[in-house]
Amino acid sequence: MSRPPARDEDAALVAGAGRFVDDLDPLPGTLVAAVVRSPHPHARVRSADLRAARAHPGVAAVIGPEEVRAAVRPFPLSTTTPMPYLPSATSTARYVGEPVAVVVAIDRYVAEDAAELVEVDYEPLEVVVDTRRALEPGAPLLHPDAGTNVATDRTFSFGDVDGAFAAADHVVRGEYTFPRYSSVPMECYGVVAHWTDGAEGPAVEAWANFHGPFTMVPVVAGALGVPVSRFRLHVPADIGGSFGIKSGIYPYVALMALASRHAGRPVRWTEDRVEHLLASSSGAGRVMAFEAAVAADGTVGALRVDLVDDVGAYLRPPEPSTLYRCFGNITGAYDVPAVAIRARAAVTNRAPTGLNRGFGGQQLYFGLERLMDAVAARTGLDVAEVRRRNLVRAFPHRTPTGGLYDSGDYARALDLLLAEGGYDELRARQEAARAEGAYYGVGLALVVDPSGTNIGYVGLATPAEQRTPGRDKSGSTEVVRASVDLSGVVTVLLGSVPQGQGHATVARRVAAQRLGLPVEQVRVVVDMDTASTPWTVTSGSYSSRFAPLVTSAVIAAVDRLAETVRAGASVLLEVDPDGLELRDGMVRDPHSGRECRFRHAAGVVHWDPGSLPPGAPARLATEGEFVPPEAVAATAEDRINSSLCYGFVAEMVGVRIDPDTLVVTLDRVATVHDAGTVLDPVLLEGQVLGALVHGLGGAAYEEFRYSPAGQPVSATFLDYLCPTSAETAFELVSDHVSSPSPLTPLGAKGAGEGSSMSLPVAYANAVADALAPAGVAIDALPLHGEVVHHLLTGEL
Amino acid sequence: MKAAPFAYHRPASVDEAVDVLAAGDAKVLAGGQSLVPVLAMRLGRPGTLVDITRLPGLDALSVSGGELRLGAAVRQRRVERSAEVADVPLIGRAMPFVGHRELRSRGTVCGSLAHADPAAELPAVAACLGATVEVTGPSGTREVAARDLVTGAMTTVVGADELITAVRFPVARAGDGFGFAEIARRHGDFALAGVAVHVVRGGAATLAAFGVSDRPVVRDVTVGHDPTEAGLRPVTDALAREVVDTAGDAHASRGYRARLLGVLAARELVRAHREAHA
């Protein structure tokens, strides 16, 4: 893929010609909804008086707890814990911002006017916002039927953990807290939903900027009591970013479908920024303990890992996946033969969580990579050296939890990082700073970057003995449709629901190169319509699926087209189709040197199929699928290869802390990525930069905070601080190594998330290193001047 | 995020604007960079908005009688890019910190004074320099010293039936030195703490602190003949502990704000002193 840069998508986007959900008006006469939300973090809903709102001029319908209770079933969950989750509060509101009613009106102004007339009688209940407190006996219960706030609690042990700890020269332990933050996409949630009743029963047609996982399609259909075959979902070709956050839109699809049923008209709901920051989604918060059995030489023989995720008020699917997405790579970049894990998810009176770029990785590596610094401190080794001694060195590598690291060269990536990133130079800066009484720190993070999720990991939330035989889950399947028209132009239909990544650009080049065509002879149509686009439960744009999986399915599809074209060419060239080469827009017989145009060969199949030899392939439109055999269900011992591919990131951060103001400034970020074969260097660089700045948000700026009483205190952009271009003036050194995956046809791995997993902990390690002379512990994020002031002085 | 219903007036004269204001339940709309979000979130719901941005004369920017006079419709970005801003260097130093460029292209200087956010830069600059605010109401125009304008967080002496029509800043003279600095979580955010400083050669030093109390806090400071940052810190740190009385939040505790103010005040006093004596 040497042919580079400009993205095919950009011309339309920069000209304002994008087609986002709010630009579409698929059903004329669509009404507009506003959502009434709970101002209480925890309250019984005694009653809701909707009469005044219904009587307001311009209002078509108002639905509240009664309507939802009567018509919607709780969404199917990943565990059997009785914590039913509905798209809005029916008897109890459990977080500030939880939907309680929906007003449908002629426009949003009228809908918001009427929303103020909805009278809900709340009886406030005791609140729990702190994760550790939620676990304590006697803590207020969000779901009394469950008898606990623990939605899932599983323990796992692989290898001789106790033996390794008994034999260890050092046992190093750390407790860490990871905050909840988002990705704050520029475009908020948007839904158009239309409920119709027909002879065969109800049907729902919806448009939403939902990007998967499409496991949520049966979840929504199930909640509405509509068969999947009569729940038709369209996803617009353009989505204004998500980074995982928009996977949380599906409850609103259900809610708006019900609102449409009551209004008798299609309903549009466009989330505003206040709603988005209050109640859309975020990454899960986590409290965790990590413990390492360490030999005198610094090698880690075993790990004990205790994870407790704060998933908010409900175990909203696909949670508790934050716990399991990185299960196969829980030992990170290190060759650790034994690991014991306890994985819990606790409900609290906060908004539900979900996917957020890096999904589970930033939480995991915050613990693991802070721990590696603690191992270095205990053994007296340099932080780079202790990591080097523990690196996985041979590939493929089977991890104790079942992961199969497909390829890599971690030691080389680390060496490259230290050399190009100027490790020694930054250490010299540190020495100079300390000599002047100033603070300078260097932080490292090495992370394994999983891509191409195997949804089999979802099964781990259920104990092996309770998993139904014959109902295993596994897979990463992608399906792509491709066709060739009578002028030889190839069309690739992508149902990959991109959110701005440039899928069309890359898919076009992959298809063109595979077929030996100029890119001008290939077009890509991005369109997801569950009634006509091929899809599976694993479809969607999440967990860095495009590069490893979708491009592989593109190749499978166009290879089938190539067979058809060879058959057509065999008629024109009067040779056997096998062995015909596709190159430069031609189909060529290497033996005779005779050739014909690709489009003429395709034309034979269109115009004169009668000339084809009997049994010759004549598929002018075909599908190709990629079903990696390595993505299998969890074993009875709970081992799982939780992703198909495993990339690598080695990152280094230098920070300077003003000794007077204690303002923390990023001095340099150096990052080395291994995403296998690089499909497009410019797009990859964009992903690296975006993930870095996203990680910087979590490291230094962004946090969804709640008061002890459960009120969100970062619900506007005044308090929820995303880094802007002004915060990205740090020096950046970026490079790559390439260890092609043996498991994908192109050798490509995902690359959309790497630094969002590594930057937060690299930053924390740097701040900790800077402040090491002051003897303060860094065990949480975000880190900024105020936090440093508090750590150094104890003063508030 | 849709405003509650309101009436919109675009008066033809200041007198007409005052009449509409005097009828009650009305707010002045100038740049709208603070008011419009308040309306959209329904945190405020005035019955009437009085749009003064096209009132004749209110867009005047002029220097005369040793003062820079800015009408109520003069946008921040226009001031920032004007030749006249060189006459009041402290405004030029502060302006890049006022929100972002996009906000300044709409926001007005007088609007910032009327809004009176405790962390805003321009009220502190006005207070530091001893600016004069022109306030017009049913009984005509009165002058208010900028230091007396703000009475608390988001509150001023401007009556419900009055509007700020202009502000006048004294132009700098030979021997004046200035300093301005603030610390915010990100560029463009409201300051956690900030200072505007004015030093007169051989004379007084005036400091206005913002982001640390419910209004700009003005203090006269003695800096001596050859001040150093380290030498001033005992003075500025003590001053900071005295004036910082805002409650802490997630971005900065009271103690951290006091630390920042002490550091910034010392740095900027030294800078301004050097400038005054250059």
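**Figure 1. The surroundings of A:Ser544 in the predicted model.** A:Ser544 counts as buried because 28 C-beta neighbours lie inside 10 Å, and a residue is called buried from 20 such neighbours upwards. The structure shown here and in the following figures is a predicted model. A:Ser544 is placed in a loop of chain A, between strand β22 (528-529) and helix α16 (546-573). When residues up to four places away in sequence are left out, A:Ser544 touches A:Ser451, A:Gly452, A:Gly750, A:Ala751, A:Gly752 and A:Glu753. The backbone angle phi of A:Ser544 is near 50°, a positive value in a residue other than glycine. A:Arg393 stands 151 residues from A:Ser544 along the chain, and 24 Å separate the C-alpha atoms of the two residues.

**Figure 2. The loop that holds A:Asp584.** Is A:Asp584 buried or exposed? A:Asp584 counts as exposed, since 12 C-beta neighbours lie inside 10 Å and a residue with 12 or fewer is placed in that class. The loop in question runs between strands β23 (581-583) and β24 (586-588) of chain A. A:Asp584 is not a glycine, yet its phi is positive, at about 55°.

**Figure 3. Helix α19 of chain A.** Helix α19 covers residues 754-770 of chain A. At 1.5 Å a residue, its 17 residues should span 24 Å, and the C-alpha atoms at its ends are 24 Å apart, so the two values agree. How many residues of α19(A) are buried? The count is 17 of the 17, and the helix is therefore largely enclosed by the rest of the structure.

**Figure 4. Two cis peptide bonds in chain A.** A:Gly212 and A:Pro213 are joined by a cis peptide bond, with omega about 0°. A:Pro213 is found in the loop between strand β10 (201-208) and helix α7 (216-224) of chain A. A cis bond also leads from A:Pro317 to A:Pro318, and here omega is near 10°. The place of A:Pro318 is the loop of chain A between strand β14 (300-310) and helix α10 (321-324).

**Figure 5. The nonpolar cores.** The largest nonpolar core has 264 residues, and those with the most contacts inside it are A:Ala33, A:Val103, A:Val104 and A:Val253. Helix α16(A) gives the most to this core, with 16 residues. Apart from the largest core lies another core, of 87 residues, among them B:Ala124, B:Val135, B:Leu207 and B:Leu264. For a view centred on A:Val253, the contacts beyond four places in sequence are A:Val191, A:Ala193, A:Ala206, A:Ala208, A:Phe210 and A:Val220.

**Figure 6. Domains 1 and 2 of chain A where they meet.** The domain assignment divides chain A into domain 1 (10-125 + 189-271), domain 2 (285-456 + 634-793) and domain 3 (478-626). The centres of domain 1 and domain 2 of chain A, taken over C-alpha atoms, are separated by 35 Å. Their contact takes 22 residues from domain 1 of chain A and 23 residues from domain 2 of chain A. On the side of domain 1 that touches domain 2, the residues comprise 12 nonpolar, 8 polar and 2 charged.

**Figure 7. The contact between chains A and B.** In this contact, 27 residues of chain A meet 20 residues of chain B. Which elements of chain A give two or more residues to the side that touches chain B? They are α4 (108-115), α9 (273-279) and α20 (785-793). Helix α20(A) gives the most, with 5 residues. By class, the side of chain A that touches chain B has 9 nonpolar, 7 polar and 11 charged residues.

**Figure 8. Chain B and its domains.** Chain B is divided into domain 1 (7-51), domain 2 (61-170) and domain 3 (176-276). Between the centres of domain 1 and domain 3 of chain B, taken over C-alpha atoms, there are 35 Å. The secondary structure of chain B comprises 10 helices and 14 strands. Its radius of gyration is 19 Å, close to the 19 Å that the globule rule gives for 278 residues, so chain B is as compact as a globular protein of that length. Along its principal axes, the C-alpha trace of chain B spans about 55 × 45 × 30 Å. Of the 278 residues in chain B, 47% are buried. Among contacts in chain B with a separation of 6 or more, 65% join residues 24 or more positions apart.

Conventions:
Residues numbered from 1 in each chain as written. Chains lettered and ligands numbered in written order. Predicted model: local features only at pLDDT ≥ 70, side-chain atom pairs only at ≥ 80, totals over all residues. Helix = DSSP H or I, 4+ residues; strand = E, 2+ residues; numbered from the N terminus. Expected span 1.5 Å × (residues − 1). Domains from an automatic or database assignment. Rg over C-alpha atoms; globule rule 2.2 N^0.38 Å. Contact = placed C-beta atoms within 7 Å. Nonpolar A, V, L, I, M, F, W, Y, C, P; charged D, E, K, R; others polar. Core = buried A, V, L, I, M, F, W, Y, C linked by C-beta atoms within 7 Å.
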